[in-house]
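Reader: Please take one part of this structure and go through it closely. I would like a connected account rather than a list.

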Amino acid sequence: GERLGSLVLGSATPNRYGPDDLAMGRDVASRIAVAAERARLFTTVARFKATVDASADAVYMFDPVTLRITYVNRGGADLAGLEPSAVEQESLTTLLESADEAGLRQRLADLRDSSSQALVYTDVITQRGGRQIPVDVLLQDVPLPDGSRTSVLTARDTSDRIDVQARLARIAGDERRQAAELRAVIQSMGDGILVVDPDGRISLANEAALAIFSASLPERLDDLQEWLGVEAIDQPRQGSGAQESGAPVTAHLADGRWLELSTYPADLAGTHLDQARPSHIVVLRDVTRAREASEAQEAFLGVLSHELRTPITTIFGYAKVLQRPSHEDERETMLHHIEVESDRLYRIVEDLLALSRVERGITIEGEPLLVQHLVAPVIASEAPRWSGTTFETDLPPDLPVVTGERTYVEQVLRNLLSNAAKYSPSGTTVTVQAEPTPTEVIVRVLDQGVGIDADEAERLFGLYYRSANTARKAAGAGIGLYISRGLITAMGGRIWAQPREGGGSEFGFTLPRADEDLVWMEDDAPEPAEDLESAIGGSGPGMR
């Protein structure tokens, strides 16, 4: 019923057209109309086929009854790895890995029974060479105008997408692994690490940082700076470009700790460092011990220089005076002073050498010793230096043999006796006691001096430490007790300090007992029962 055009018939003779002529005209016109419609349909089909062939997706049209492919586009042929003519009339089940005949027919039945006219799923197309290609499948049931039905399967190659997804998964895995490694490194660091975002919020803190903030971690940079009492991060200068890490800032906390802060700008969110608000990494380092050690070392060097200067000056001065003939009558006194100061200088050098050994970690292989044989010679050497102090001993004559190094035990005894006499008033007594236990021998040095506080007893054995109660009463370098602890510990013993009831102090140490089958071979040692006066060459002031 659609008008396509006109067919005009002409004749030179009038009245030549009859009914038969008109019937023939109508037939010719009908045939021309059919041919024109077919031409138009052919053009439309050709255009549609060219469009479908240009699609990158694979399109397979197949009979839902026989499952034979009736049409395939260029993309479908390429996906199958065949020419289009070789694909057509093939069964669809030869192309799809999961498309067994029963399964495909069931899907088509489910598709016709559902309200949807399309079904989407994933599958694998197997080429003749055995290569398998993953695809996304769109299965459609298409009713035709004549009442019949056909089916269309559209497949899209997802290999590139899967490869991209695999690469992204590998990249994500690598990023997660690197992030985990970085987090483990940050968490294992001894310094506190804080990450501050561009808005000033603290977004990350490691365990060391949490330990520094024992109460609670500040939430913002402003809170951190207020808690520290410093300007931790300087604001960027206009036009300064990328920020560089500033010089470390030192903060003194209310609890006495010292913290050193270093800040570093960081590009944590893909922003440029020259922006007005970069992220920052704040490194917190507890430098309390280092600062105290530095201050103690400076104090020690000052005291040591004084301690060395005094005997050297005395020795040098008296040596110069002794060269003058006019002072012959004072020679004995001067020589005595030179001897005393030389002994003092020797003790300082001896302590410094022992300090060096203790700092390196000294190892002592003990020998059999009798404590009662060591005490008297040490007192004899110390008594002349402390004329106002009386030294007494309370030593059982049958003390067992101990293991230790004779030189080091004597050095510990000298340090303890010297400290006891130095910090005791003139006219008081220093007593050395000893008693055995089943595993060791205990030695105590008791004085009647100013005493010590119980809460600082342990600190007295620290390097360079000097008690505030005694530092003003006498000079010292603060290394004697530290050395004594190192030596006694290396010999397998213990050392301690504690106040005495009624005043004064007790400094004691132990030495381990030797094996029972150890034979004492020191034949020339004095008898244990020999008294102190005999050991030091007779009685004298300040000795008993």
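Author: Tyrosine 60 counts as buried because its relative accessibility is 1%, and the cut-off for buried is under 20%. The model is a predicted one, and this residue is a convenient way into one of its sheets. Tyrosine 60 belongs to strand β1. Its C-alpha atom is separated by 4.7 Å from that of valine 72, although the two residues are 12 apart along the chain. Valine 72 falls within β2, which covers residues 69-72.

Strands β1 and β2 are part of an open sheet of 5 strands, with the order β2-β1-β5-β4-β3 and antiparallel pairing. At the edges stand β2 and β3 (118-126); each has a single partner strand, so one side of each lacks a neighbour in the sheet. From one strand to the next, the twist averages 30°.

At the β3 edge, the pairing can be followed by residue. Strand β3 runs antiparallel to β4 (residues 132-143), and 9 bridges join the two. Alanine 118 has glutamine 140 of β4 opposite it, and leucine 119 has leucine 139 of β4 as its bridge partner. The hairpin formed by β3 and β4 has 5 residues between the strands, and glycine 130 there adopts a positive phi near 95°.

A helix also belongs to this picture. Helix α4, residues 101-113, packs on the sheet and touches β1 (58-62), β3, β4 and β5 (149-157). The direction of α4 makes about 45° with that of β4. Tyrosine 60, the starting point, is in β1, one of the strands that α4 touches.

A residue outside the sheet gives a contrast with the buried tyrosine. Valine 28 lies in helix α1, which spans residues 19-54. With a relative accessibility of 31%, valine 28 counts as partly exposed, because that class lies between the 20% limit for buried and the 50% limit for exposed. Valine 28 also contributes to a nonpolar surface patch of about 640 Å², whose other members include Leu7, Tyr17, Met24 and Ile32.

For the wider setting, the protein chain contains 13 helices and 17 strands. It has 544 residues, of which 37% count as buried; tyrosine 60 is buried. Among contacts in the chain with a separation of 6 or more, 55% are between residues 24 or more positions apart. The chain exposes about 31,900 Å², and 51% of that is supplied by carbon and sulfur atoms.

Conventions
Residues are numbered from 1 along each chain as its sequence is written. This is a predicted model: local features need pLDDT of at least 70, side-chain atom pairs count only at pLDDT 80 or more; totals for chains, interfaces and linings use all residues. Side-chain values use heavy atoms; hydrogens and water are left out. Two strands pair if DSSP finds at least two bridges between them. Helices (H or I, at least four residues) and strands (E, at least two) are DSSP runs, numbered from the N terminus. Axes are lines fitted to C-alpha atoms, for helices over the stretch in contact, and angles run from 0 to 180 degrees between N-to-C directions. Contact means heavy atoms within 4.5 Å. Patches are made of residues with over 30% relative accessible area and no salt bridge: like charges are joined within 9 Å, nonpolar side chains (Val, Leu, Ile, Met, Phe, Trp, Tyr) within 5 Å. Accessible areas come from the Shrake-Rupley method with a 1.4 Å probe; for residues, only the protein chains shown count as cover. A salt bridge is a side-chain nitrogen of Lys or Arg within 4 Å of a carboxyl oxygen of Asp or Glu. Buried means under 20% relative accessible area, exposed over 50%, partly exposed in between (1.4 Å probe, protein chains only).
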